[in-house]
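Subject: Handover of a structure and notes on what was found

Dear colleague,

Please find the structure below, passed to you for your own examination. My notes come after it.

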Amino acid sequence: MSNNTIQGDLLAEPAARAPARSDRSSFAAQMLLSLRSVPVFLAFVVLTVVALLAVFAPFLIRADPIAIDPLQRFAGVSAEHWLGNDAFGRDVYSRLLFGARVSLIVGLGAAAASLVVGLIIGVVAGYIRFADTLIMRVMDGIMAIPSILLAIALVSLTGASLVTVLVAITVPEIPRVVRLVRSIILNVRSEAYVEAAISLGTPTYRLLIRHMVPNTVAPLIVQGTFIFASAILTEATLSFLGAGLPTEIPSWGNMMADGRMYFQLYPSLVLYPGIILAFTLLSVNILGDVLRDVLDPKMAKRT
């Protein structure tokens, strides 16, 4: 190898890395610019507050969220119980804070699990031709079942617990991630530089890691935000229907389920968790749209 070739390779490396640094700075600048919008800023503030309340819930609560006190049933707002008590004498404020923790755990867990599993299966389906048909038919079969019914069936078969609910929420989301990753891999695989790398005998693992999988990162980030919101809503729905987390676990869905029988007399038992749930989901969807527009400018122009 000549000295000129070596020097050319050395000079090419910084040039190749420069766009990555530029892309990161551009992404940060666009996100900061998006925060100038009032709805986006409010969504960011809401999610930040919910996350902080969930993380520091043990230090912010006024009473044990699962402690039952029959003498305090439907007690009003007081210095000790900031939002009153529910039908079992449990502190509503403490249950709201721990409900935020449960919702974030379910949302993050379901999003992470579905993205990781969907990425692996999607890469296999998109790169290995003979496995594509079998994998996609299985994914189509899962998608043919309504997600809420599939989740209820899984919870009913295995029993109510946090792990069971996470699995029940994650399984219906995996096919959507698989289809997304598969379409990206198929598009990238047909590119000239990928075909050239294959013809030159580039190892499969290097081809996937360096050229194919990085193209899925931006779409998966956007997809993850919507899975996050969908998982929180599904958990609340399952708990409200009595097919989710055990009733003693404080979650927003359980709180609304416990308070629905007394809604006419004590509407706050349903309104408090319902309003927080609605604002959290709205904030996640708003920030997800912003991420989509920043990471895919073509989508921003269409909308």
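The notes below take the overall fold, the salt bridges, the cavities, the surface and one backbone feature in turn.

Please bear in mind that this is a predicted model.

**Overall fold**

The chain contains 13 helices and zero strands, and its pattern along the sequence is accordingly written with α elements from start to end, α-α-α-α-α-α-α-α-α-α-α-α-α. Of the 303 residues in the chain, 37% are buried.

**Salt bridges**

Eight salt bridges were found in a search of the whole structure. Side chains of opposite charge can pair when their charged atoms come close. Three of these pairs are described here.

The side chains of Arg90 and Asp258 form a salt bridge, with an N to O distance of 3.0 Å. This pair links distant parts of the chain: Arg90 lies in the loop between α3 (57–60) and α4 (92–127), while Asp258 belongs to helix α11 (residues 252–259), and the two are 168 residues apart. Arg90 has a relative accessible area of 6%, and is therefore buried, the cut-off being under 20%. Asp258, at 21%, is partly exposed.

A second salt bridge brings together the side chains of Arg95 and Asp86, at 4.0 Å from N to O. Both partners are buried: Arg95 has a relative accessibility of 1%, and Asp86 one of 8%.

The third pair consists of Asp140 and Arg137, whose side chains meet at 2.8 Å, N to O. Both residues lie in helix α5 (residues 129–143), where they are three residues apart, about one turn of the helix. Asp140 is partly exposed, at 27% relative accessibility. As for wider connections, salt bridges with shared partners join Asp86, Arg90, Arg95 and Asp258 into one network.

**Cavities**

Two cavities of 30 Å³ or more were counted.

The largest cavity holds about 80 Å³ of space. Which residues line the largest cavity? Its lining is made up of Asp86, Ala87, Arg90, Val92, Arg95, Met255, Asp258, Gly259 and Leu269. The four residues of the salt-bridge network, Asp86, Arg90, Arg95 and Asp258, are thus found among the lining residues. Helices α4 and α11 each supply at least two residues of this lining, and α11 has the largest share, with three residues. By character, the lining of the largest cavity divides into four nonpolar, one polar and four charged residues.

The second largest cavity has a volume of about 30 Å³. Around it are Ile142, Met143, Ile145, Ser147, Leu150, Pro172 and Arg176. Three helices, α5, α6 (147–158) and α7 (162–189), each contribute at least two residues to the lining of the second largest cavity. Helix α5 is also where the Asp140 and Arg137 pair is found. The lining of the second largest cavity comprises five nonpolar residues, one polar and one charged.

**Nonpolar surface patch**

A nonpolar patch of about 1100 Å² lies on the surface. Its residues are Val38, Phe41, Leu42, Phe44, Val45, Val49, Leu52, Leu53, Val55, Phe56, Phe59 and Leu60. The elements giving two or more residues to the nonpolar patch are α2 (38–55) and α3, and α2 gives the most, with nine residues. One of the patch residues, Phe59, lies in helix α3. How accessible is Phe59, buried or exposed? With a relative accessibility of 68%, Phe59 is exposed, because the cut-off for that class is over 50%.

**A backbone feature**

Most residues other than glycine have a negative phi. Phe74 has a positive phi, near 55°. This residue is placed in the loop between α3 and α4, the loop that also holds Arg90. Phe74 is buried, at a relative accessible area of 18%.

**Points to look at**

When you open the model, you may wish to view these regions:

- the network that joins Asp86, Arg90, Arg95 and Asp258, together with the largest cavity, whose lining includes these residues;
- the second largest cavity, with lining residues including Ser147 and Arg176;
- the nonpolar patch, to which α2 gives nine residues;
- Phe74, with its positive phi.

With kind regards

Technical notes
Residues numbered from 1 in each chain as written. Predicted model: local features only at pLDDT ≥ 70, side-chain atom pairs only at ≥ 80, totals over all residues. Heavy atoms only, no water. Buried < 20%, exposed > 50% of the residue type's maximum accessible area, 1.4 Å probe, protein only. Helix = DSSP H or I, 4+ residues; strand = E, 2+ residues; numbered from the N terminus. 1 Å grid on protein atoms, 1.4 Å probe; cavity = no way out; pocket = protein on both sides within 12 Å on 5 of 7 lines; lining within 4 Å. Points joined across faces, edges and corners; volume = space filled by probe spheres on them. Nonpolar A, V, L, I, M, F, W, Y, C, P; charged D, E, K, R; others polar. Patch = residues over 30% accessible without salt bridge, like charges linked within 9 Å, V, L, I, M, F, W, Y side chains within 5 Å. Areas by Shrake-Rupley, 256 points an atom, 1.4 Å probe, with all protein chains shown as cover.
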